Amino acid sequence: MLVLWCPDWPAVAAAAVGGVAVTRAAAVFNANRVVACNAVARRDGVRRGMRRREAQSRCPDLAVFGADDGRDARLFEAVARAVEALVVGVEVVRPGLVAVPVAGAAGYFGGEHALVERLVDEVSAAAGVECQVGVAEGLFAATLAARRSEFVEPGQVAEFLAPLPVTELDQPDADRAELVNLLRRLGLRTLGAFAALPERDVVNRFGADGLLAHRLARGRSERPPLRRRPPPELTLTEEFDPVIERVDVAAFLAKGLATRFCAGLAGHGLACTRLGIHAVTEDGEQLGRVWRCAEPLTPAGVADRVRWQFEGWLRAAPGHRPRSGVVRLRLEPEETVEGRSLQLELGGEGGLEEDNERAARAFVRVQGLLGPEGVLTPLLDGGRDPVARIRLVPWGDPRERTTPAEATWPGRLPAPSPATVLDRPVPAQVFDAEGRAVGITAREWVTAAPRRLSVTGGAQRDVVGWAGPWPLAGNRRQPGPQRARLQLLLASDGPDEPPEAVLVHCAGTENPLWTVEGVYD
């Protein structure tokens, strides 16, 4: 894979649109923080993530611009055209970064170094910007190679990546800041140190996102090499009357098209990682571009790329702009993967931003009718038992713990917690092998091993396993019967039924009072 990278592209594009000289410091801000700056600004001490006030105090002459993805994409179209003039199969990863397969083009131009020289000259002449090129196996390694203008020999990717800092995993198209911070706190400061961990341990500790990052650190591809070619019916084609001649109209229509496009893929259990955007103008011109993404595209991601592409087409420089409006648009999934990563959770981080906003507005309306307590969200807080740990917070109120996360809770139940916690515990009875009631002694132990359980006076069920007891704190300091909790594993009701586990509470020795408080999956 060959990757061509234009350094500091958001700052370069903003300065070009704003007419700022390349010798002047410039920075792009989002949410009052620096997201990109040019080399002149860095020489004065400006850095990504810095607040605007601090950046301007270090560089008083700093040219300030707001983030604008459409502007970045529109100007980068000239770079993509310049690359496309020499090689085929150009894939835009994001404005400022393009990738192409290197094998065929390198053979045509007489080698990788000759190809790179031609690309750098072509981009400089056609687009007037500087760029760096890197070659390596895989998009991740090739991107890092481009930032260092290096050629990584086949089979040497792992050695190239090993000494690089683990912060390289946090790329703009894959937010891994939390994972990177965790790895650094664990003392894993290089990609090589992270890659040395066993894959099974990585999955157990960091989950699917950690596994993907681990593959990248080892020099492997983002996903296993076998990917699915989607069936033709998943391509979405739309015709427009009147024709599309404005970017804002295209952006509005793109939202609905993106939702339908992703819904069709989701119906087949797929998600798109390479999106082909093809258009036909009223005069019959054929326009097309392929966008690559490291993570599966969401409807919002598809809509953004359609909007960016129309920015590049409709607002291009004279001579490169279509002669007429777009009458037909085709969204084609060039490459897909299994769509498990796009399953949504109500109120969870996996939800789409628009869906979350729609749900939030609905919750506020319900609160307007029923009051603040009409919509409550659960928060896992400190406590000894599952009921005490769940605190319900009105929607919109701060979701903050009332107890320190590091607080200790003597007598707390071990994980896992019951899947179902009963609002009102159900009365029960627990018997030993002789049919006698089981209780809790003064030494906080059971009077006999539990062998049968009866709930609300019903039929007795055999207990095939148990754990505990876990005494409730305060037993020895407060008068009254001894109290404790146990976990009971009940025999299955039939040959095809799995065993059932319950959480029970006991108070007393002579006439113990048993209740069922929770059920485990």
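Here are some worked exercises on the predicted model above.

Residue numbers start from 1 along each chain as its sequence is written. Because the model is predicted, local features need pLDDT of at least 70 and side-chain atom pairs count only at pLDDT 80 or more, while totals for chains, interfaces and linings use all residues; side-chain values use heavy atoms, with hydrogens and water left out.

**Exercise 1. Work out what surrounds the second largest cavity.**

*Step 1: fix the terms.* We use a 1 Å grid over the protein atoms alone: a cavity is a set of points where a 1.4 Å probe fits but cannot get out, a pocket is an open set with protein on both sides within 12 Å along at least five of seven lines, and lining residues have an atom within 4 Å of a point. Grid points are joined across faces, edges and corners, and the volume is the space filled by probe spheres set on the points.

*Step 2: count and size.* There are 4 cavities of 30 Å³ or more, and the second largest cavity holds about 60 Å³.

*Step 3: list the lining.* Around the second largest cavity sit Ala73, Phe76, Glu77, Val92, Arg289, Trp291, Trp308, Gln309 and Gly312. Sorted by class, that is 5 nonpolar, 2 polar and 2 charged residues (nonpolar: Ala, Val, Leu, Ile, Met, Phe, Trp, Tyr, Cys and Pro; charged: Asp, Glu, Lys and Arg; polar: the others, Gly among them).

*Step 4: map to elements.* Helix 4 (69-84), strand 10 (286-292) and helix 13 (299-314) each give at least two residues to this lining. Helices (H or I, at least four residues) and strands (E, at least two) are DSSP runs, numbered from the N terminus.

**Exercise 2. Follow the aromatic pairs that involve Phe76 and Trp291.**

*Step 1: search.* The whole structure yields 5 aromatic pairs (rings of Phe, Tyr and Trp, the latter by its six-membered ring, with centres within 6.5 Å; planes under 30 degrees apart are stacked, over 60 edge-to-face, the rest tilted).

*Step 2: Trp9 and Phe76.* Their ring centres are 5.3 Å apart and the planes meet at 75°, so this pair is edge-to-face. Trp9 belongs to helix 1 and Phe76 to helix 4, so to speak distant parts of the chain, 67 residues apart.

*Step 3: check burial.* Trp9 has 4% relative accessibility and counts as buried; Phe76, at 3%, is buried too (buried means under 20% relative accessible area, exposed over 50%, partly exposed in between, with a 1.4 Å probe and protein chains only).

*Step 4: Trp291 and Trp308.* This pair is tilted, with 5.7 Å centre to centre and 50° between the planes. Trp291 is in strand 10 and Trp308 in helix 13, so the contact ties together parts 17 residues apart in sequence. Both Trp291 and Trp308 are buried.

**Exercise 3. Place strand 10 among its partners.**

*Step 1: burial.* In strand 10, 5 of the 7 residues are buried, so the rest of the structure largely encloses it.

*Step 2: partners.* Strand 5 (residues 91-94) pairs with strand 10 in the parallel sense over 2 bridges, and strand 9 (residues 270-281) pairs with strand 10 in the antiparallel sense over 7 bridges. Two strands pair if DSSP finds at least two bridges between them.

*Step 3: register.* Val92 stands opposite Trp291, and Ile277 has Arg289 as its bridge partner. Val92, Trp291 and Arg289 also turn up in the cavity lining of Exercise 1.

*Step 4: the turn.* The hairpin of strand 9 and strand 10 has 4 residues between the strands, and Gly284 there takes a positive phi near 90°.

**Exercise 4. Describe the second largest pocket.**

*Step 1: size and lining.* The second largest pocket has about 700 Å³ of space. Its lining has 33 residues, with Trp9, Val12, Gly128, Val129 and Glu130 nearest the centre.

*Step 2: elements and classes.* Helix 1 (9-18), helix 2 (39-43), helix 4 and helix 6 (112-127) give two or more residues each. The lining splits into 23 nonpolar, 3 polar and 7 charged residues.

**Exercise 5. Tell the barrel from the open sheet.**

*Step 1: the barrel.* Here 6 strands close up in the order 14-15-16-17-18-19, with antiparallel pairing. Within it, 4 bridges join strand 14 (residues 420-431) to strand 15 (residues 452-455), and Gln429 stands opposite Ser454.

*Step 2: the open sheet.* This one has 3 strands in the order 3-2-4, with mixed pairing. Strand 3 (33-37) and strand 4 (63-66) are the edges, each pairing on one side only.
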